[in-house]
Amino acid sequence: MNRIIKLCLLILMSCVLAFPLRAHHKNFKVSVYVRAYEVEKMKDTEWLESSWKTISSQLDVDKIYLETHRDMLLVDDATLEKAKKFFEKQGIEVAGGITYTISEPNDFETFSYSDPENRAWVQKVAEHTARHFDEFLLDDFFFTSSKKDVEIKAKGDKSWTEYRLSLMNEAGRNLVVGPAKAVNPKVKVIIKYPNWYDHFQGLGFNLEDGPQIFDGVWTGTETRDPAGAQHLQNYLSYNIMRYFENISGGRNGGGWVDSGGITMSMDRYAEQLFLTAIAKGRDVMLFAYNQLLDVRLNPMYRGPWQDQGTSWNYDEMTAPFKNGKETVTPTTMARIADVVLRQADELVGKLGNPVGIHSYKVYHAPGEEFLQNYLGMIGLPMDMYPAFPKGRKTVLLTQQAASDPDLTRKIEEQLMGGGDVFITTGLLKAVPEKIAPIVELKCDDLKAIVNDFGRHGKSEKDILIPQVRYWTNDSWEVVSAGRPLTRGVSGWPILHRATFSKGTLYVLTIPDDFGNLYDYPAGVLNEIRRTMSKDLDLYMEGPSKVGLFLYDNKTVIVENFNDEPVDIKLVGKPGMTKFTDLESGEIVEAAEDQVPAFFRRYMTPSVRASMTLNPHSYRAFRYE
C-alpha cells in the first residue's frame, strides 16, 4: 500500500512540474484569443517564445484560445499541437476557436449555408477543431449575410430573417455541434455572440434557440467609440453581459474586449474591461494576441483628465514594474489590461449579484434598438429579460414588446397587482390599441422641439420629441417641456402618468435621437430615476453619462463616463446611515431630508449621500 501511495505522489509531483498551475485571478479568468494567422506563425519556435514573453511579462493569463480557422486558413495538426503543448507547459489552460469567415476584409464575407461545398467545409473545420480540443468557441461570425442564387432559391417566400434564423439553427446542429461531438464526445461547443444583439435576427443569430443548441455562450462587450458606425454606448459592455446571462440560464461564459476605442484614451479601453468584470463575467477575454503584441503604448492614450486623480492612472501603468525578480518596462496595451483587471478582480469579490430595472425584450423583436444602453447611461440600472417580468414593482416596456399578443393582459395584471408599468413613446406609437384599454393616448408622427422643462431645468440644446396627446383630466403630466415652457404657448409630456386599478402606467418620452436623453436636465433625469426605482434600494441624482450598478448584497458602484468631474447624490430609504468605500475604506455619511411635518403625509422621506466623481472614474460602496 505504501508503495502505491508513493507512486501516486510521484505521478502527482511530475504532473505539477510539467504543468505548473497558477491561479492568477480570484474571481474570474483572464483569457487571450489567438487568431489563426498568429497560430499559424507559432510553427516558428522563436516567434512563439518571443511573442509569448512580450505578452506574459506584462499580463497574467489564465487561459488561451487557439483559433483553427479564419478566412479559409485552416491551421495544420502539427502546428496546433505544438502551440497547445507550449501553453500547457506554461500552466495555461488551452481551448480552441473558429471564425467562420471566407474573407473578413470583404465586408465580413460569410459562408453560404445552403451551398453544399460551403457546408462541407464548415463541417470539416468543426471536426478538425474537435480532434485537438475538448472545448472550442465560435467567434462573432457564425451568421450569414449571403444572398447568392442558391440562398435566394432556398429562401422561397420566407423573409430573410425567417429563412436565416431557421437555416443557422440547422447549421449549428448538423454542421458544427453534431459532427464535433461525433469526433470528440467530450467536446464543448460554445457560441460567442457579438455586441449588435438587437440586429441579430436579420442575419440568423438566434438568441432564443442558440443557447440551447450550443453548450454555452460568450458575449461581445467591446463598445469602442460610441460615435462609431454601430453607435454602441459605453453601458452596453455591462448590459449585454446581464442580458446573455438571463437568456442562457446562467451559462454565459464571459465577455470579450478588443483594443477598439483605445485611441479615445486608455480610459475608454479600461472602462470596457471593468464593466465586463463588474457584470460578474466568469471570464474576460482579450482580443487578440496580435493586438497585445502590436498596439504599443502611446502618450496619445493619456487623457487630458489624467491629472485629476482618476481610477486608472496611465503614468503608473506605463512605469517600469517588478515581475518576480525581473524589472519590466511596459511596451503594449497588455500592461493596461493587466492593471485594470487586477484592480477589478479585487473589487468583484466584494460584490453580490447584479440587480436592476426589469425590461421585457421579446426575442427577435425590432424597434428602439439598443435603447436600454442609453437609459443605462442616464443612471437607470437595466436588466433585460425575454419574458414579461413578474413580482416586480416596476416593469419597463419598449417598442420591442409590441409583438406580444398578450401584452394588454400582462400590463393589466401588473397594474391590478399594485405594480407600475413604464412604456416608451415608441411602444405607444406602435400599438396604441394595446394601450387603450388602460388609457387612451395618442403618439403619431407629430413632433415638438423643446428645451425648457420648467421647474426641472433647461437644456443647452433643442430636442426633437414625439408629441404625446391625452384626454384632459384622464391622465397627467409629471414632467413637461416646451420652447419655452415657462411663459410659453405649449408644452408636451416628458413623463406622463395614468392610474389604473391599484397601479400606475407611465409613458416615458424618448427623443428621436436617443442621444438627446443625455441632454435632459438633471432635474428631469432625477424625477425619471426616482419614479422608476421602486424595486431598488437606491437611485442617483445628478447629470447624465453616469452609470449606477447595484448588487443584492448592499453594494453599489457609480461610474462617471464624462470628460469632467460631476457631483452626484445617492438617494436611499430612511434609516440608511453611511456608505463605506470598498477600496479606500472612506465613509460617506448619508443625511436625511429635512421635510416639514405637514408635507410628510405627501412625501416619502429619503436620505442622500453626496460625492464627486472624477472624469472616467468610479467609486464602489457598501451601504448600511
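In strand S11, the bridge partner of valine 32 is leucine 286. The model is a predicted one, and the description starts from the strand pairings around this valine. Strand S1 (residues 29–34) runs parallel to strand S11 (residues 283–287), and 5 bridges join the two. S1 also pairs with strand S2 (residues 63–70), again in the parallel sense, over 4 bridges. In this second pairing, valine 32 stands opposite isoleucine 64 of S2. Of the 6 residues of S1, 5 are buried, so the strand is largely enclosed by the rest of the structure.

Both valine 32 and isoleucine 64 recur among the contacts of tyrosine 289. Apart from neighbours within four places in sequence, tyrosine 289 touches Val32, Tyr33, Val34, Glu38, Met42, Trp47, Leu48, Ser51, Trp52, Ile55, Ile64 and Phe87. Tyr289 is also one of the residues with the most contacts inside the largest nonpolar core, together with Phe87 and Phe579. This core has 116 residues, and helix H13 (residues 333–348) gives the most to it, with 9 residues. A second, separate core consists of 41 residues, including Phe111, Leu138, Phe143 and Val176.

Helix H13 also packs against another helix. Two packed helices are described by the angle between their axes and the distance between the axes. The axes of helix H10 (residues 266–278) and H13 come within 9 Å and cross at roughly 35°, and the crossing is right-handed. On the H10 side the contact is made by Met266, Tyr269, Ala270, Leu273, Phe274, Ala277 and Ile278. On the H13 side the residues are Met333, Ile336, Ala337, Val340, Leu341, Ala344, Leu347 and Val348. By class, the contact comprises 15 nonpolar residues, with no polar and no charged residues.

Ile278 also appears among the contacts of tyrosine 551, which lies in strand S27 (residues 546–551). Tyrosine 551 counts as buried because its relative accessibility is 2%, under the 20% cut-off. Leaving aside neighbours within four places in sequence, tyrosine 551 is in contact with Tyr238, Ile278, Leu351, Gly352, Asn353, Pro354, Val355, Ile557 and Tyr623. Between tyrosine 551 and alanine 334 there are 30 Å in space, C-alpha to C-alpha, and the two are 217 residues apart in sequence.

Another part of the model contains an open sheet of 7 strands, in the order S16-S15-S17-S18-S25-S24-S23 and with mixed pairing. Its edge strands, each pairing on one side only, are S16 (382–385) and S23 (476–481). The twist from one strand to the next averages 20°. Within this sheet, strand S17 (residues 394–397) and strand S18 (residues 420–424) pair in the parallel sense over 4 bridges, and valine 395 stands opposite valine 421 in S18. Helix H15 (residues 407–416) packs on the sheet, where it touches S15 (357–360), S17, S18, S24 (492–500) and S25 (503–508). The direction of H15 makes about 140° with that of S18.

Threonine 509 is located in the loop between S25 and helix H18 (522–532). This threonine counts as buried because its relative accessibility is 1%, under the 20% cut-off. Beyond its neighbours within four places in sequence, threonine 509 is in contact with Thr425, Ile465, Pro466, Val468, Pro493, Ile494 and Tyr520.

Methods. Residues numbered from 1 in each chain as written. Predicted model: local features only at pLDDT ≥ 70, side-chain atom pairs only at ≥ 80, totals over all residues. Heavy atoms only, no water. Pairing = 2+ DSSP bridges. Axes fitted to C-alpha atoms, helices over the stretch in contact; angles between N-to-C directions. Contact = heavy atoms within 4.5 Å. Buried < 20%, exposed > 50% of the residue type's maximum accessible area, 1.4 Å probe, protein only. Core = buried A, V, L, I, M, F, W, Y, C linked by side-chain atoms within 4.5 Å. Left-handed = near helix turned anticlockwise from the far one by under 90°. Nonpolar A, V, L, I, M, F, W, Y, C, P; charged D, E, K, R; others polar.
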